[in-house]
Amino acid sequence: MIAKLTGTLDATGPDWAVIDVGGVGYLVHCSTRTLDALGSEGGEARLFTDLQVSENDMRLLGFAEAAERDWFRLLTSVQGVGSKVALAILSVLSAGEVQAACASGDAAMVARANGVGPKLAGRIVNELQDKAGALPVAPGGVAVAAPKGGASADAVSALENLGFKPAIAAKAVAEAMGELGEGASEGELIRVALKKAAG
């Protein structure tokens, strides 16, 4: 599966972009938030992606952040929510705002999206309420994906072994990574993340 694209922004439309990767143009459907984050045509573009395959369609979806992709997948797991509806929700709400709305049961916030009525919005927040509470949230209400691989994953595991809940451990390590940079060692990450988790 295609998980990420890095290339040149070739063209954009109301809900899509074409990313040129080594001479191959990928048509990627995106939320307006992601399209805004891509910048101008001709510039470098990087997108996290999700490939959806149905009986009569194959569609590549693009996201500026991994957290937005994670929420797209959660939203489309709800009955009645297809890729268009999920992108509409992520066009008006950031990943962190969707998470906050689901965690607090705020269906009215989700219903602000085009094509989402009160009944569907209610189903979305009811079905995703538990999952929203389990995902880590960065300062400012922005959802963060749990760090994967390498020193960060080892640091999360170390904090969990010390008794911290997975969401708290992942959030603390993500904050530590943001503070120390990508090249931080496992020991440095654990030291800084421990302070953050305990604080």
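How many aromatic pairs does the structure hold? I looked this up at the start and noted that the structure holds one aromatic pair. The pair is formed by Phe63 and Phe72, with 5.0 Å centre to centre and 45° between the planes. I entered the pair as tilted, because planes under 30 degrees apart would count as stacked and planes over 60 as edge-to-face. I then checked accessibility: Phe63 is buried, and Phe72 is buried too. I kept in mind that the model is a predicted one.

**Strands**

I went next to the strand pairing. Strand β2 covers residues 16–21 and strand β3 covers residues 24–30. I found six bridges between β2 and β3, in the antiparallel sense. For one position in this pairing, I noted that Asp20 stands opposite Gly25 in β3. I also looked at the turn: β2 and β3 form a hairpin with two residues between them. Gly22 lies in that turn, and I recorded its positive phi of about 60°.

I followed β3 to its other listed partner, strand β5, which spans residues 58–63. Here two bridges join the strands, and β3 and β5 run parallel. Which residue of β5 is the bridge partner of Cys30? I found Gly62 in that place.

**Ser83**

I placed Ser83 in helix α3, residues 83–92. Is Ser83 buried or exposed? I entered Ser83 as buried, because its relative accessibility is 11% and the cut-off is under 20%. Leaving aside residues up to four places away in sequence, I listed Gln52, Arg59, Leu61, Phe72 and Thr76 as touching Ser83. Phe72 in this list is also a member of the aromatic pair, with Phe63.

**Gly39**

I found Gly39 in the loop between α1 (32–38) and β4 (44–53). Its relative accessible area is 48%, so I wrote it down as partly exposed, given that exposed means over 50%. I also checked Gly39 against Leu9, which is 30 residues apart from Gly39 along the chain. Their C-alpha atoms are separated by 8.2 Å.

**Annotated spans**

I ended with the UniProt record, an unreviewed entry. Its annotation "domain: Helix-hairpin-helix DNA-binding motif class" covers residues 73–92 and 108–127. I looked up both spans in the model. Residues 73–92 are 70% helix and 0% strand, and the end C-alpha atoms lie 17 Å apart. For residues 108–127, I noted 65% helix and 0% strand, with the end C-alpha atoms 15 Å apart.

Key
Residues are numbered from 1 along each chain as its sequence is written. This is a predicted model: local features need pLDDT of at least 70, side-chain atom pairs count only at pLDDT 80 or more; totals for chains, interfaces and linings use all residues. Side-chain values use heavy atoms; hydrogens and water are left out. Two strands pair if DSSP finds at least two bridges between them. Helices (H or I, at least four residues) and strands (E, at least two) are DSSP runs, numbered from the N terminus. UniProt positions are given in the numbering used here, feature names are shortened, and annotations may be inferred rather than shown by experiment. Rings of Phe, Tyr and Trp (its six-membered ring) pair if their centres lie within 6.5 Å; planes under 30 degrees apart count as stacked, over 60 as edge-to-face and the rest as tilted. Buried means under 20% relative accessible area, exposed over 50%, partly exposed in between (1.4 Å probe, protein chains only). Contact means heavy atoms within 4.5 Å.
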